[in-house]
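Reader: I'm new to this one, so could you walk me through it and tell me what the labels rest on?

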Amino acid sequence: MQRSTLAKRGWLLFFLAAAAFYLYGLGHLPLVGPDEPRYAQVAREMYLRGDLVTPTLGGHTWFEKPALLYWMMMASYRLFGVSEWAARLGPALSGLLTAFLIYWMGRRIEHADQAEKGSGDEFGLWSGVALSSSAGMIVFSRAASFDVVVTFTVTAALACFFVAEIETNEKKRRWLTAGFYAAIGASLLAKGLVGIVIPFGVIGLYCLMRREWPRKGVFLNALWGIPLACAVAGLWYAPVIARHGWTFVDEFFIQHHFARFVSDKYHHPQKFYFYLPIILMLTLPWIAVFIKGLLSARRWKWRERSVESKARVFALAWLVAPIAFFSFSGSKLPGYILRALPGAMLLVGERLLKFVRGEEGNAGVRVTGAILLVLALAGIIYATRTGEITILCSLVIAAPLIIAGLLAMLWKQGRALRVELICSAMFISVALILNCGVDRISQRESVRDLMRQADVRGYSSTPVFYMLTDDRTGEFYAGGRLGYKTDGEPFRFDGADEAANAARQNGGRALVFVPTKWENQLTDYSAIETEIIGSNGVLTLA
């Protein structure tokens with residue numbers, strides 16, 4: 001069997017390389033989109049008040065999500081100060097630890113399998129490599145969002161459950177079972193009831209696929225395990241319910257759980273099959289290897305008692321259960337099925353291991369190399385057509401993908417090294433994007449630089465409002481100064497007269513964000529004097 005440098009160095013080299021990448025450049029980009037700035041601001045308000053219980057946004061209660069991400073951000077703010085880097089640190093660590101858990105789980109699987117038939121010990125390593133270099137884990141781990149946090153806690157729960165299934169030492173099995181239920185409690189803190197639904201859905205589907213009942217003792221363990229999970233979750237749910245009662249229950253559970261699932265109340269409708277192409281995008285660049293792993297299920301012995309057989313079925317259940325569950329939801333977002341990605345990467349890890357050992361042909365890795373070339377070409381074409389990234393910058397970003405892609409396609413030796421190069425190319429290209437590829441794009445998606453310009457001009461304490469826009473990044477960058485209505489939503493003026501009234505009520509002066517194409521509605525309004533602070537190409541700050 002071929003032994004690569006990565007395999008010889010083992011988990012330490014992999015973990016250090018992944019850690020360096022996942023923690024690099026978290027503060028390069030401003031907070032963007034509707035969610036990142038809001039979550040970061042909620043955590044900042046809780047941190048400034050010293051309140052671990054009540055999430056607020058603009059001083060109004062904000063019960064859309066539970067507290068675990070906010071607690072991560074608050075701890076990071078305390079250690080490093082309030083910044084984009086600090087806001088994203090918790091999710092980045094969650095992504096990194098998710099990959100490590102998959103490595104640990106795969107290693108325990110193969111060690112148990114080794115006792116049966118003398119196999120090697122690289123399954124966990126290649127599964128962790130695949131997960132850490134997948135587009136889904138990279139993208140969501142670099143955003144201040146809940147999806148990767150709940151993916152981490154769900155992965156902890158399922159990894160503990162399955163390792164307990166194959167563990168022969170009863171004492172270790174009890175500790176693993178305790179870890180499973182503690183992780184269930186943490187999942188409730190990470191994203192609410194989905195923290196129960198997904199782990200137990202995966203376990204139920206696994207038992208159904210194998211047509212067998214859970215092992216003896218599982219139901220007895222639940223007698224003490226469920227109270228343990230409730231105790232962990234109760235660290236937040238108990239005080240928040242005690243403090244806010246039905247207001248919290250209605251908004252958090254009824255509106256943001258049940259109403260979100262059964263209706264399109266929050267305006268995220270998609271087709272029933274929406275998640276099929278999404279899971280393929282999340283597995284980039286390993287799409288071909290992933291599909292090959294799925295097709296291999298035709299040859300599985302589904303009820304065989306070997307550890308290898310159980311692991312395959314468990315990985316497939318881990319993939320299918322979240323996709324099936326969220327496909328029935330009336331509200332669909334790509335991040336919802338990030339929980340399925342670790343299961344998909346266990347299937348990929350098995351195929352990569354067979355490839356490295358020479359038990360499988362080159363087709364899957366060659367197609368992966370071709371995918372890297374397509375990604376590189378797409379980036380160059382985008383730069384050429386939009387002009388938002390310089391041609392030189394796009395070529396530098398594309399170079400690692402091109403080199404790794406060509407070697408994966410054309411080189412017949414160095415099987416393990418080809419896989420390592422694919423992973424490295426993803427890391428290097430993303431790092432290069434953060435340094436030279438996104439500044440102009442990100443400026444257009446955030447009001448950070450406009451607020452900095454206003455502060456320099458002496459408007460650091462001036463109240464801020466929106467006109468004809470509801471850009472959410474101002475909720476962080478104008479935090480503490482943004483005007484909110486009684487329903488907790490920021491003021492959104494429909495005309496210059498409303499902006500003028502707001503200025504009069506605030507000492508005669510206000511900062512107003514308005515779409516650049518409509519800024520003349522302010523400048524042409526004779527009842528006010530308007531100074532243009534700046535524009536990012538989409539919004540003007542006046």
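**How the labels are earned**

Author: Let's start at a helix end: after α23 comes Gly507, with a positive phi near 80°. Helices here are DSSP runs of H or I with at least four residues, strands are runs of E with at least two, and both are numbered from the N terminus. Keep in mind that this is a predicted model, where local features need pLDDT of at least 70, side-chain atom pairs count only at pLDDT 80 or more, and totals for chains, interfaces and linings use all residues. Residues are numbered from 1 along each chain as its sequence is written, and side-chain values use heavy atoms, with hydrogens and water left out.

Reader: What makes Cys393 and Cys436 a disulfide?

Author: Two cysteine sulfur atoms within 2.5 Å are called a disulfide. The S to S distance between Cys393 and Cys436 is 2.1 Å, so the pair fits that definition. A search of the whole structure finds 1 disulfide.

Reader: Why is the disulfide of Cys393 and Cys436 called right-handed?

Author: Because the torsion about its S-S bond is about 95°. Cys393 sits in helix α18 (residues 391–410) and Cys436 in helix α19 (residues 415–436), so the link ties together parts 43 residues apart in sequence.

Reader: Which of the words buried, partly exposed or exposed fits Cys393, and which fits Cys436?

Author: Buried means under 20% relative accessible area, exposed means over 50%, and partly exposed is in between (1.4 Å probe, protein chains only). Cys393 has 6%, so it is buried. Cys436 has 35%, so it counts as partly exposed.

Reader: How do you know that Cys160 is in no disulfide?

Author: Its nearest cysteine sulfur, that of Cys207, is 17 Å away. Cys160 is also buried, at 13% relative accessible area.

Reader: Why are α11 and α12 called oblique?

Author: The axes of α11 (residues 218–244) and α12 (residues 246–262) cross at roughly 120° and come within 6 Å. Axes are lines fitted to C-alpha atoms, for helices over the stretch in contact, with angles from 0 to 180 degrees between N-to-C directions. Under 35 degrees is roughly parallel, over 145 roughly antiparallel, 65 to 115 roughly perpendicular, and the rest oblique. The two helices are therefore oblique to each other.

Reader: What puts the buried residues of α23 on the same side?

Author: In α23 (residues 496–505), Ala496, Ala499, Ala500, Ala502 and Ala503 are buried. They cover an arc of only 160° around the axis, so they share one side of α23. That arc is taken from the directions from the helix axis to the C-beta atoms.
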